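Please consider the sequence and the model displayed here. A short briefing on selected features is set out beneath them.

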Amino acid sequence: MKKEEIAAILDEIHVLLELQGENPFKVRAYQTAARALESLDKDLESIIEEKSLESIKGIGKALAEKIETLYHTGQLKYYDDLKASIEIGLIEMLEIPGLGPKKIKAIHDRLGITSIRELEIACNHGKIALLEGFGEKTQEKILSGIKNKELYRKRHLWWDANEIIQPIIEGLKKLPQVKKVEAAGSLRRKLETVGDLDLLAAGEQPKPIMDWFIGRKEVIEILAHGETKSSVRLQGGIQADLRVVPLKQFYFALHHFTGSKDHNVQMRSRALGMGYSLSEWGLKLESREHELSEVIVKSEAELFKKLNLSYIEPELREGMGEIEYAQKGDLPKLIEMGDIRGAFHTHTVASDGRATLKEMVSGAEALGWEYLGIADHSKSSFQANGLNEERLFQQVKDIKELNQSKKYKAHVFSGIECDILKDGSLDFEEEILKQLDYVVVSIHSGFGMNEEDMTKRMVKAIESPYVTMLGHLTGRILLQREGYAVNVAKVIDAAIANNVIIELNSNPKRLDMGWRYWHKARDKGLKCSINPDAHSVQNLAYYIAGVNVARKGWLRKEDVINTCGLKEVKKYLRKGI
Ligand SMILES: [Zn+2]
Ligand SMILES: [Zn+2]
């Protein structure tokens, strides 16, 4: 274990002892030892070898032994036992801003409170304010701390995080001291949800960059303000970290802070195998004379090239086979934003959308799309004002007239988002469905079925003759609701066997079917449709989130039906694949 890690554990022991109400001298000893470790001017290894720990001011015999054990084994029984002896709820309370171990102990001793939930109730009943040494203000602070804790712990949708961070990136780009800037981490990998945001800038003078960053109006709390790294809390509760590195380190750091853990581990071991050592600091070649020579790169592509790899797009850096493919030069050419020529799954005011048919079509036209498919809800989705046969045919008629009027450049297709009923039959008769240009089938009810029944239900729907595509396969709502139990592999196989497309629902809360399934599915022959499931004109932009996830799922242009031009799509819809 490194000295910083050991110091962190000593600090934690100090807090836990304080929580237990231990003798203040003993409590302070751990804190003193932690500081002493941090400010060592020699490295810990040689001190331990020389057995000279005890000669350091603030470290006695007992502590020296504990530090040695942690150094050698990374574990300490005393620490584990101490943690286990304290109510977990009390330890969790330490994360509430403004609530230290002394206050938590007082609350526990006087009111018998052992969890955050109980603490919240006590605050709401005004009991905390009445405790000696607390008062109204402290109580209020604790309550808002509890709320923030819930808010802050949450991950955030990629879409929301991206919206928050873009203006900050744009601002950083304009600073004269900034030579390069990128968001790294899961945001750059386009993961559907992100935790903290990692920003990386290149510059030789970090101070003005840091000062600018922490002074943003979006910043609600400064968590750390260092010379080369600062962390802030932004509106909405998301944490953003900015690192500033010298230009020559930039691409190494960018690669390091972008890749998933698995990707980075695999890259480092590949580098080692070739006689290099790779880290956020650089790529170093160990020569025979044991002198390190540093490698200079001017882009991430050059970094990959040094390791005999073709460029790996950030979205693919998940440690899921991309390095083997890059070695063979076999990575796919991923779909791009500009490849999208239209969309199929959109709603209008006829069901639960907020825009009229005409507004939606002019929105599609503004995006430069050649076509737009309207798929309003069917009658069983009464909560979404689903269309019955009569209203559906009225819409078909309206669309026909609109196309004939040639008022819009975008062609409109008549479709439906038809409910899959509980027994797997569809909400409309085949007679009706066959009169439409295409049919999306989705589940909007009966989520609680077991996996076997749910899978049968979906497979039966897929086998129905007029189905073009399957909507939001698992029904998940990110950060809110797990998808229903379904055997995804079986549904994929049924879709391929029946020439049915599976949509990539691009609503940022859904992104369903998820990226983890796509690579294998497209190898088996599955086709995708990137569907915004737009309920307003603005929502049409969700295709961007869909393209991100499609790239993450290794999809190419040719795997996605709505990259086809109008002529090809018409042909496809008439005949199938
Ligand atoms: Zn739906
Ligand atoms: Zn929909």
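The briefing covers the domains, two metal sites, one helix and one serine.

This is a predicted model, in which local features need pLDDT of at least 70 and side-chain atom pairs count only at pLDDT 80 or more, while totals for chains, interfaces and linings use all residues. Residues are numbered from 1 along each chain as its sequence is written, chains are lettered from A and ligands numbered from 1 in the order in which they are written, and side-chain values use heavy atoms, with hydrogens and water left out.

**Domains**
- The domain assignment gives domain 1 (3–151), domain 2 (156–245), domain 3 (251–328) and domain 4 (337–575); such bounds come from an automatic or database assignment.
- Taken over C-alpha atoms, the centres of domain 1 and domain 2 are separated by 30 Å.

**Zinc ion (ligand 1)**
- Glu 417 (OE), His 444 (NE2) and His 472 (NE2) are the protein donors of the zinc ion (ligand 1), at 2.1 to 2.2 Å from it. Donors are N, O and S atoms within 2.8 Å of the metal (3.2 Å for Na, K and Ca); water is not among the atoms, so sites may look incomplete.
- The sequence spacing of these donor residues is E-x26-H-x27-H.
- The pair Glu 417 and His 444 links distant parts of the chain, 27 residues apart: Glu 417 belongs to strand β14 (residues 417–419), and His 444 to the loop between β15 (440–442) and α21. Helices (H or I, at least four residues) and strands (E, at least two) are DSSP runs, numbered from the N terminus.
- Both Glu 417 and His 444 are buried, where buried means under 20% relative accessible area, exposed over 50% and partly exposed in between (1.4 Å probe, protein chains only).

**Zinc ion (ligand 2)**
- The protein donors of the zinc ion (ligand 2) are His 345 (NE2), His 347 (NE2), Glu 417 (OE) and Asp 533 (OD), lying 2.1 to 2.3 Å from it.
- Along the sequence, these donor residues follow the spacing H-x1-H-x69-E-x115-D.
- The pair His 347 and Glu 417 links distant parts of the chain, 70 residues apart, with His 347 in the loop between β11 (342–343) and α18 (357–366).
- His 347 is buried, as is Glu 417.
- The arrangement is irregular because the four donor atoms subtend angles of 82 to 164°. Four donors count as tetrahedral if all angles lie between 85 and 135 degrees; four count as square planar and six as octahedral if opposite donors are over 155 degrees apart and all others between 65 and 115; anything else is irregular.
- Glu 417 coordinates both zinc ions, ligand 1 and ligand 2, which are 3.4 Å apart.

**Helix α22**
- Val 488, Val 491, Ile 492, Ala 494 and Ala 495 are buried in helix α22 (residues 488–497). They lie on the same side of α22 because they cover an arc of only 165° around the axis, the arc being that of the directions from the helix axis to the C-beta atoms.
- The face turned away from the buried side of α22 carries the exposed residues Lys 490 and Ala 497.
- Cover for the buried residues of α22 includes α21 (451–463), β16 (469–470), β17 (501–505) and α23 (515–524).
- Asn 487 caps the N-terminal end of α22, with a side-chain oxygen 3.2 Å from the backbone nitrogen of Ala 489.
- Asn 499, just after α22, takes a positive phi of about 55°.

**Ser 425**
- Ser 425 is in the loop between β14 and α20 (430–433) and counts as partly exposed, at 24% relative accessibility.
- Not counting residues up to four places away in sequence, Ser 425 touches Asp 419, Ile 420 and Lys 460; contact means heavy atoms within 4.5 Å.
- The side chains of Ser 425 and Asp 423 make a polar contact (2.6 Å). A polar contact is a pair of N or O atoms within 3.5 Å; within protein, one must be able to donate a hydrogen and the other to accept it, and residues adjacent in sequence count only if both atoms are side-chain atoms.
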